[in-house]
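New to this one? Here is a quick briefing to read with the model open beside you.

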Amino acid sequence: MRGVQRYIPFIMCLGIAAVLWFTREMGKTYEENLQIPVHYVNVPKSVSLVSQVPTTLNYTVEGTGWGLLKHYMFDDDISIDVSSIFEEHLSAVSTKDVRVVASLSEQLKILDSYPIDIPFTFEKIHSKKVPVHVPLSITFDQQYELTEALVIKPDSVELYGSKSMLDTIRVVNANLFEKKRVRESFSDSVELVPLHNVQMSVEKVHIQGAVEKFTEQTITVPITLINVPKNGVAVDLMKDKVAISFLVCLSKAQTYYPSDFEVVADFQKQSIVGLIPVEIVRYPDYVRIVRQDISSVGVIADFIDAND
């Protein structure tokens with residue numbers, strides 16, 4: 001312990017010297033290039049800001065190490081009150097104007113700035129209703145699927161901005177909605193992608209999906225022959241039934257009947273080899289057809305002699 005105690009005065013002196021050196025260096029004046037984000041706030045609701053305003057401003061500043069340290073520690077962004085500029089009918093504001101640099105540390109002296117001015121052009125607000133598009137990436141666990149189409153609320157939004165800006169917008173996009181290995185119903189929200197100089201009635205939409213486990217089932221349904229010539233020919237199908245395999249959610253399994261399905265063979269669609277397509281023209285909206293055991297059927301045609 002005595003050996004360590006001998007070094008304590010030396011360590012204290014070294015620490016004091018470091019503090020004095022740091023204090024002296026921070027008191028010196030430095031020149032620094034800063035790139036500062038800028039935010040435009042309090043835009044009057046009656047107008048839209050249509051000029052291309054910068055999102056960052058570049059400054060060459062001079063200040064002490066303490067002043068620069070304060071800027072970096074507190075991350076001074078620039079906020080510009082647009083309402084005051086609109087009320088004063090200004091078309092441009094210098095980037096050195098006190099309204100622009102008010103949020104910067106008083107310990108920094110501005111030597112130069114880029115751009116030199118910020119242009120401000122306003123147009124009267126108009127409104128427009130457009131649909132919402134949600135890009136989807138949804139995968140389901142085995143045998144699980146949606147029982148009905150996704151519900152997106154609202155499916156359209158009201159936009160507010162200049163007429164020239166709104167005329168270019170046909171749809172509002174949302175961020176990617178992604179879910180993996182889904183096996184139960186869900187209700188989530190997704191944010192809309194912001195639009196430059198355009199306000200939206202909502203910032204996000206809600207997505208609801210009804211999910212259930214599905215099972216594959218099969219039903220046999222009679223085939224109805226249609227569009228047969230009324231005179232001169234008697235037609236019979238070589239096979240009068242079709243087996244249809246389909247997916248159905250468990251909650252609705254066994255709730256269907258053969259009469260809920262309609263399968264036809266249109267005589268007028270007969271091919272040159274005598275086959276007629278077998279078409280499923282009606283089935284419950286809660287089932288999903290997987291396959292049918294026959295896609296076409298042959299016919300037996302007996303031409304009737306008018307003298308018989």
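Below is a short tour, from the overall picture down to a few backbone details.

Keep in mind that this is a predicted model. The protein chain has 308 residues, and 34% of them count as buried. Its secondary structure comes to six helices and 25 strands, so strands get most of the space in what follows.**Overall picture**
- Among contacts in the protein chain with a separation of 6 or more, 73% are between residues 24 or more positions apart.
- Strands of a sheet pair through backbone hydrogen bonds, and they can do this in a parallel or an antiparallel way.

**The three-strand sheet**
- Three strands make an open sheet in the order 12-18-16, and their pairing is antiparallel.
- At the edges sit strand 12 (151-153) and strand 16 (186-191), each pairing on one side only.
- On average, neighbouring strands of this sheet are turned by 25° against each other, direction ignored.
- Strand 12 pairs with strand 18 (residues 204-209) over three bridges, in the antiparallel sense.
- If you want a spot to look at in this pairing, find I152, which stands opposite I207 in strand 18.

**The four-strand sheet**
- Another open sheet has four strands in the order 14-9-13-17, with mixed pairing.
- Its edge strands are strand 14 (172-173) and strand 17 (199-200), and each of these pairs on one side only.
- Strand 9 (residues 126-133) runs parallel to strand 14, and two bridges pair them.
- H133 has N173 in strand 14 as its bridge partner.
- Strand 9 is also joined to strand 13 (residues 156-161), this time antiparallel and by six bridges.
- Within that pairing, V130 is matched with V157 in strand 13 as its bridge partner.

**Strand 22 and its partners**
- Strand 22 (residues 262-266) is largely enclosed by the rest of the structure, because four of its five residues are buried.
- Strand 19 (residues 211-226) pairs with strand 22 in the parallel sense, over four bridges.
- Here I226 stands opposite D266 in strand 22.
- Strand 23 (residues 275-282) pairs with strand 22 too, in the antiparallel sense and over four bridges.
- For this pairing, look for V263, whose bridge partner in strand 23 is I280.

**Pockets**
- The largest pocket holds about 360 Å³ of space.
- Its lining is made up of 16 residues, and Y40, V43, H196, N197 and V198 lie nearest its centre.
- Strand 1 (29-41) and strand 2 (47-49) are the elements that give two or more residues to this lining.
- By class, the lining of the largest pocket has 10 nonpolar residues, six polar ones and no charged ones.
- The second largest pocket has a volume of about 170 Å³.
- L192, P194, L195, V198, Q199, M200, S201, V202 and E203 line the second largest pocket.
- That lining divides into six nonpolar residues, two polar and one charged.
- V198 turns up in both places: it lies nearest the centre of the largest pocket along with four other residues, and it is part of the lining of the second largest pocket.

**Cis peptide bonds**
- Y114 and P115 are joined by a cis peptide bond, with omega at about -5°.
- You will find P115 in the loop between strand 6 (108-114) and strand 7 (117-119).
- The peptide bond from K153 to P154 is cis as well, with omega near -10°.
- P154 belongs to the loop between strand 12 and strand 13.

**Positive phi angles**
- Q143 is not a glycine, yet its phi is positive, at about 75°.
- This residue, Q143, is in the loop between strand 10 (136-140) and strand 11 (144-146).
- With a relative accessible area of 45%, Q143 is partly exposed.
- N227 is not a glycine either, and it has a positive phi of about 55°.
- The loop between strand 19 and strand 20 (233-237) is where N227 lies.
- N227 has a relative accessible area of 40%, so it counts as partly exposed.

Key
Residues numbered from 1 in each chain as written. Predicted model: local features only at pLDDT ≥ 70, side-chain atom pairs only at ≥ 80, totals over all residues. Heavy atoms only, no water. Pairing = 2+ DSSP bridges. Axes fitted to C-alpha atoms, helices over the stretch in contact; angles between N-to-C directions. 1 Å grid on protein atoms, 1.4 Å probe; cavity = no way out; pocket = protein on both sides within 12 Å on 5 of 7 lines; lining within 4 Å. Points joined across faces, edges and corners; volume = space filled by probe spheres on them. Nonpolar A, V, L, I, M, F, W, Y, C, P; charged D, E, K, R; others polar. Buried < 20%, exposed > 50% of the residue type's maximum accessible area, 1.4 Å probe, protein only. Contact = heavy atoms within 4.5 Å.
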